[in-house]
Amino acid sequence: MNTLFDDAEMGTQPKPKTSTGVKIVASKDKPLSKQQQTFNRLTKRVENLQKEIVSESEKMERLLKTYSEKVPSLENAIAENQIRLAQKISRSTDSIKYGKRQLENIGIVIVNLCDQAFATIEPDEDAEALYDQWSDTTYKEEVEMMEEEQRLMMENMLRFEMGIDIDLSEMDSSPESFARMQEKIQEELKKQKQEQAEQSANRKKTKKQLEKELHQKEEVTMKLKSLRNIYISLAKALHPDTEPDPTEKLRKEELMKKVTAAYNDKDLPTLLKLEMEWVASESHNLDKMSDDKLKLYISSLKEQVAELESEKTSLYHHPRFTNIARFAHFSESVAILKIKKEISEHRKQKKSLEEIYTIFSQPNPKKEILEFVNQSIEILDRQSFWDDFGRPF
């Protein structure tokens, strides 16, 4: 939906907006009315939100660039080293004699290394076989259980939070399947809305509800009437045949095309924008607008403010920025420092895994392997404890 101050194409990256300069200025002998003040406040809020969206979008792109240059490649390298290390430990059991308890712990550590690696990279046949060798369940079984868990969580969320009862058992990870699920949800939501409307219609309405409905109908009627009135008014003012100046005539022709397109699309916000800008640039009579016209502008501006605030919030949840969402609400300088710190920690982890692998490649590394395994088991036990009882503040 086009809005009062937005000419950008839908689906494109936000572009910097220039100030419209649409503002009602008080005269020396007459202060602004409450509605005029509201109008000015909303136009300013719209402009500020547009600037904030552009600014935040540009910030997110810069953060994503900084993150993408180093982090994914380091995470992949760490995952590959974890698999190599797990394979090295597994092969050591062919030449080194371990006790039963030691072998159990080795299996736990190998599976944990694989789990961490598989969260980043897709396992090849050798890695999957290694996992299957040491795990009580196969990798494919684990994936199926995880998918089933996610499906049940999604079904419960839809049922208890949105009141939608949908069977997602046939859903897979393909985009087509996801699109079908979205379509089902939309159908259910539409059905819910219709049922609620029917129930509401069957209930006896209070005087307040009837007054509200009447007010809403009046608003719709006023908007439709205004759509035609604004079009006729602008068509008269912008008609190119009445303009002798060639440059101005060309400008009016272009404006008239926009006016006609907006009218044909019943796009009231765009017509309001064109009218407001025309009035402001040609006659400087914004302060003389009628109360009805001001109400119309204010209503449309409020809708736009809500849409822009929603757009700003959704920016942080856009799939493109999933990997950097945790940095989004920090200032850019702080977010960059946090990303750099993460890069530094990844480098240390990668180097540590490579050094451990080198140590395990020496002759008879039983002592070193058992030390690593015991330390890993201690860490896993601590993690399990805090997962069960909650981490301290």
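The exercises below, each with a worked solution, go through the helices of one chain and a few of its residues.

The model is predicted, so that local features need pLDDT of at least 70 and side-chain atom pairs count only at pLDDT 80 or more, while totals for chains, interfaces and linings use all residues. Residues are numbered from 1 along each chain as its sequence is written, and side-chain values use heavy atoms, with hydrogens and water left out.

**Exercise 1. The whole chain**

Find how many helices and strands the chain has, and state what percentage of its residues count as buried.

Solution. Begin with the rule for naming elements: helices (H or I, at least four residues) and strands (E, at least two) are DSSP runs, numbered from the N terminus. By this rule the chain has 11 helices and zero strands, and its pattern along the sequence reads α-α-α-α-α-α-α-α-α-α-α. Next comes burial, where buried means under 20% relative accessible area, exposed over 50%, and partly exposed in between (1.4 Å probe, protein chains only). Of the 393 residues of the chain, 34% count as buried.

**Exercise 2. Helix spans**

Compare the end-to-end reach of helix α2 with the expected value, and then do the same for helix α10.

Solution. The expected span of a helix is 1.5 Å times one less than its number of residues. Helix α2, residues 100-118, has 19 residues and reaches 27 Å from its first C-alpha to its last, which is close to the 27 Å expected. Helix α10, residues 332-360, has 29 residues that should span 42 Å, and its end C-alpha atoms are 42 Å apart, so the two values agree. The buried residues of α2 include I106, I110 and L113, and among those of α10 are I339, L353 and F360.

**Exercise 3. Pairs of helices**

Decide how α1 is oriented to α2 and to α10, and how α3 is oriented to α4.

Solution. Axes are lines fitted to C-alpha atoms, for helices over the stretch in contact, and angles run from 0 to 180 degrees between N-to-C directions. Angles under 35 degrees count as roughly parallel, over 145 as roughly antiparallel, 65 to 115 as roughly perpendicular and the rest as oblique.

1. The axes of α1 and α2 come within 8 Å and cross at roughly 160°, which makes α1 roughly antiparallel to α2. Contact means heavy atoms within 4.5 Å, and here the residues that make the contact include I83, A86 and I89 of α1 together with I106, I110 and L113 of α2.
2. For α1 and α10, the axes come within 9 Å and cross at roughly 15°, and therefore these helices are roughly parallel to each other. The crossing of α1 and α10 is left-handed, a word used if the near helix is turned anticlockwise from the far one by less than a right angle, with right-handed used if clockwise.
3. The axes of helix α3 (residues 125-134) and helix α4 (residues 139-162) come within 8 Å and cross at roughly 85°, so α3 and α4 are roughly perpendicular to each other. The contact is made by E128, Y131 and D132 of α3 and by Y139, K140 and E142 of α4.

**Exercise 4. Three residues**

Decide whether N81, E155 and N364 are buried or exposed, and describe the setting of each.

Solution. N81 lies in helix α1, residues 34-95, and counts as buried because its relative accessibility is 7%. Leaving aside residues up to four places away in sequence, N81 touches K350, L353 and E354.

E155 has its place in helix α4, and at 8% relative accessibility E155 counts as buried. E155 and L168 are 13 residues apart in sequence, with their C-alpha atoms 7.0 Å apart in space.

N364 lies in the loop between α10 and α11 (366-389), and with a relative accessible area of 60% N364 is exposed. The phi of N364 is near 45°, a positive value in a residue other than glycine. Most residues other than glycine have a negative phi.
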